[in-house]
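Biologist: Before I rely on the terms used for this protein, I would like to go through them with you one at a time.
Modeller: Gladly; let us look at it together.

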Amino acid sequence: VQLQAFGGGLVQAGGSLRLSCAASGRSFIYYHMGWFRQVPGKEREFVAAISWSGGMTYYTDSVKGRFTISRDNAKNTVYLQMISLKSEDTAVYYCAAGRISPMTASNSEYWGQGTELTVSS
């Protein structure tokens with residue numbers, strides 16, 4: 001599975017943005033998909049994940065109620081809708097695919113190249 005994340009940019013605090021991650025390969029449907037983020041000097045942290053069927057979603061506490069992960073298996077794409085953005089959401093966001101749940105950075109098998117989000121306060 002090859003992943004390509006896009007949609008990052010510069011947003012004002014309180015604004016919204018949607019990240020997308022396009023996957024290639026017919027096996028996309030068999031993978032759980034997740035979003036992680038990383039800031040310089042810190043470890044990559046889990047943000048959200050969605051099961052292969054889309055029936056289960058998981059979020060880190062700091063984004064609950066503000067971020068929504070979804071997937072369209074027909075389009076081989078996973079999305080991260082973000083609202084009420086805060087300066088602390090500033091990071092490089094990576095999409096990942098894995099077959100183990102719950103997803104972690106260490107058990108994810110495939111990674112996108114990252115897309116940068118900057119939230120200005």
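Biologist: Which residues have the most contacts inside the largest nonpolar core?
Modeller: This is a predicted model, in which local features need pLDDT of at least 70 and side-chain atom pairs count only at pLDDT 80 or more, while totals for chains, interfaces and linings use all residues. Residues are numbered from 1 along each chain as its sequence is written, and side-chain values use heavy atoms, with hydrogens and water left out. The largest core has 28 residues, and M33, W35, L80, M82 and Y93 have the most contacts inside it. A nonpolar core is a set of buried Ala, Val, Leu, Ile, Met, Phe, Trp, Tyr and Cys residues joined through side-chain atoms within 4.5 Å.

Biologist: What makes R37 and E45 a salt bridge?
Modeller: The term requires a side-chain nitrogen of Lys or Arg within 4 Å of a carboxyl oxygen of Asp or Glu; R37 and E45 meet at 2.6 Å, N to O, and therefore qualify.

Biologist: Why is R37 called buried, and E45 partly exposed?
Modeller: Buried means under 20% relative accessible area, exposed over 50% and partly exposed in between, with a 1.4 Å probe and protein chains only. R37 has 5% and so counts as buried, whereas E45, with 34%, is partly exposed.

Biologist: What does the salt bridge between D89 and R37 tie together?
Modeller: D89 lies in the loop between strand 8 and strand 9 and R37 in strand 4, so the pair ties together parts that are 52 residues apart in sequence; strands are DSSP runs (E, at least two residues), numbered from the N terminus. The closest N and O atoms of D89 and R37 are 3.0 Å apart.

Definitions and conventions: Helices (H or I, at least four residues) and strands (E, at least two) are DSSP runs, numbered from the N terminus.
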